[in-house]
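Hi,

Here's the structure I said I'd pass on. Have a look at it first, and then read my notes underneath.

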Amino acid sequence: MRALRILVPAALASGLLLSGCAGDPTTTDASDAPESDGEVTLYAGRDEALIAPLIARFTDETGIAVDVRYAGTSELTALVLEEGERSPADVFLSQDAGALGALADAGLTTPIPAELAETIPDGFTSQDDSWIGVTGRARVIAYDGDVLDAAQVPTSVLELVEPEWAGRVGFPPGNASFQSFVTALRVLEGEQPAEDWAAGMAANDPVLTESNGATLDLVNAGELDLALINHYYWYQRAAELGEDAMRAQLAFLPGDPGGIVNVTGAAILTAGVDDPDALALVEYLVSPAAQQYFVEETFEYPLLPGVDAPAGLPALETLVNPGLDLSDLDSVAETQEMLVRVGLL
Amino acid sequence: MRSSRRPPRALWVAGLVACALASIPLVYLVARVAGAGAEQIAVALSRPRVPELIGTSLLLSASVTVATVAIGVPSAFLLARAALPARGLWAALAALPLAVPSYLAAYGWLAAVPGMQGFWAAWFVLTSVCLPYVTLPTAAALRLSTTGFDDLARTLGRGPVSAFFSGTWPQIAPAVSAGALLAFLYTLSDFGGVALFRLPVLTTAVHQAFGASFDRDYALILSGVLVLIALAVVLAEQLLRRRSPARAPHGPRAAPLRLGAALPAALVLLAVPSLLSAVVPTAILVGRALDAAALRSFDASEFAEALAGTLAFAAAGAVIAIVLALPIGALAARYRGRRVRIVETAAVIPLGLPGIVIGLSLVAFSLTVVPWWYQTALVLAFAYGVMFLPKAVGGVRSSIGLVPPALEDVSRTLGRTGLQTWWQVTARLARPGILAAALLVAVTAMKELPATLLLRPTGTDTLATELWSRTDVAAYGAAAPYALALLVVATIPAFLLSRHRDPEDV
């Protein structure tokens, strides 16, 4: 919390300075100065069971009460877009970068202070500081360990259009992480090769699902040989069912577009502008304590340098695709049009 | 019992106000779709998958409707006319699926049979949860119907089935078609059941467009298609119902049918849908809950809060639905004419709208018109009131329809004012039916999810939202206590409904 003690007065001072410089008597009103009211409203597009304990720790440490609204990232994004600038939410915690991009595009986010934004390495956070990366999640292939050896699993998703995999691959085409990966494919391989791949997948009798978790369940049940999902779903299932019960196994795809690392992130929304409590909450999410919490409880990659990844996972650096910047993934709309064209959406 | 007299002005005004409030989601949808522009509408509708989505939605809704009628009418016949041991038990079992949200039934089945998917899986689960919509009102209509015409037909040499269709069927047809309409619209607007079985239909495409792509225009245009389908089906049902003759007066009843050797088969028919929709999925989830790791995550105070929230929101929603339904139901029961039909139609449309659209429309409406109410319990209760108004209207209409207008005339001639007559005569006589309608709204509201997620006060939970937050990460075991509680809480009104005897109220 040391950073907060520095940042808050700094923000206060700069706010006062700016409003003073503007010379507008109405804006020098004392009520305009950022003031902590000890309360912040968070829209959390992540699972309550995973986030609530972290929020409780934050409140214990800072005394700031957090009013949390839990729902899916997609429902909450639709909600904030509908609420617009009247949204009561100060902070938005998102399951993926795409939702944050949509909120930023709609002009509903306020910039993260540069000192804070710089704590997360480039490539895992927004370039314009409209939001900040919190955790990393790798795309993987989950495979049926009873049917396939690790050596038989493709090392690139590009192989999945081969006849050998017809009817054996499942993925959720409407899922944001899947669409981010296809966007990465467009960026890395070019528009036409990406569309050829998507058309090839559509023609290869894929099993289309609604969610990553459901896709993994199919592999675990022996209904499906390969699933394109995010890595932590496997760890969540293993935590519930026990690792011995996991028929599905994971294959990481270093260097492949199908193995990119996407992020969860947080943004300060319109209502949270100049609210030190909102800033404190975002700051906490990327603090060492919270990053360690994510490592232990959700099996995601920490983004703050110096915090170790969950045991047994390949190093984050080995998965980073050098040709890709996460901000290149903002063309999701074109990806969706492409998926519509090939008949997957 | 309808009359061609002109309705009193106050009733008209109240009916129109209720209708206007119920039309908020529709107005929002029309305004937003119109705002998207003709070109974008054309582009959206020309997507290659759109015809397929419409086709699957129609086919699923139609086949669920056919199945609920094919199973529901014989079940209702057994409940109303056959001599059954422990009759109350079977009636309660027939109502039990009302307490089961489609996503819960689908979820329980998937936990046991992960390979279940596609059209027939969705058809199976939706048919089993929609059955009471047909069985309950049909059984109630059968209890009130007479068998005199059947007997006459038998004496003229017809077989028992043929006699049933010429004698009893015309008397129960309005109840059957009203129930079939509810089953059709429920399936059309259902999301959870179809999504879990990975069947792409209009509602899943709406959710996908809202969710993954934040493409709200496309989502709303598809919702517009859903409303047009719902509108066409509602109008068709109204035509069907108008062709049916008025209910026959009380008359001779045949003695309860002795089933003899067919009794076991009959009991199986009555028990199987409830077993499939409620008992099996719940048993599977409870089995998972006994897992030690899952029980560790159970938090009693969180559970108690969710339970209290569920009951309070559902009760408030039921009150609002009934208040809105009273003038509309009274108009529909007592008066004829095009304007009455329009009011009645407007009140049924919300049933064809996906919950997420109703949720978003009320977000926009409450932020614009009553911002200080936004994210309060009142807005959520109002959403329930609007969403389930059609069910309330059906119950109010049929129970007021059973009050003979002559009684009201007598009351007026004895010096009571119109309002006094309404309160002291009509409302009192119709009360059991109206209470049953309120129960039905409450039980439906308890399991509602998409609008609840959007509109509930921040920081509050219901059993359904808690269940959702646990099923989302596929924590089957942790979800089980909430699933079980939802089932138990919703079973009580469902049980009370099974004892109720008025037709067309479900």
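Below is what I found, starting with the contact between the chains and ending with a piece of the fold.

One thing to keep in mind as you read: this is a predicted model.

Let's start where the chains meet. Chain A puts 44 residues into the contact, and chain B puts in 43. Together they bury about 3,700 Å², with carbon and sulfur atoms giving 55% of that area. On the chain A side, the residues that lose the most area to chain B are A:Arg69, A:Glu82 and A:Glu210, which together make up 19% of what that side buries.

What holds charge to charge here? The rule finds 2 salt bridges across the interface of chain A and chain B. In one of them, the side chain of A:Glu82 meets that of B:Arg216, at 3.1 Å from N to O. There are also 13 residue pairs in polar contact across this interface, both partners being at pLDDT 80 or more. Helix α3 of chain A (residues 73–83) gives the most to the side that touches chain B, with 8 residues. Sorted by class, that side of chain A has 19 nonpolar, 12 polar and 13 charged residues.

Now for the fold of chain A. Strands β1 (residues 39–44) and β2 (residues 65–70) of chain A run parallel and are joined by 6 bridges. If you want a spot to zoom in on, A:Leu42 stands opposite A:Val68 in β2(A). Add helix α2 of chain A (residues 48–62) to β1(A) and β2(A), and you have a right-handed β-α-β unit.

Cheers

Conventions
Residues numbered from 1 in each chain as written. Chains lettered and ligands numbered in written order. Predicted model: local features only at pLDDT ≥ 70, side-chain atom pairs only at ≥ 80, totals over all residues. Heavy atoms only, no water. Contact = heavy atoms within 4.5 Å. Buried area = accessible area lost by both parts, 1.4 Å probe. Salt bridge = Lys/Arg side-chain N within 4 Å of Asp/Glu carboxyl O. Polar contact = N/O pair within 3.5 Å; in protein donor to acceptor, adjacent residues only side chain to side chain. Helix = DSSP H or I, 4+ residues; strand = E, 2+ residues; numbered from the N terminus. Nonpolar A, V, L, I, M, F, W, Y, C, P; charged D, E, K, R; others polar. Pairing = 2+ DSSP bridges. Right-handed = clockwise from strand over helix to strand, strands pointing away.
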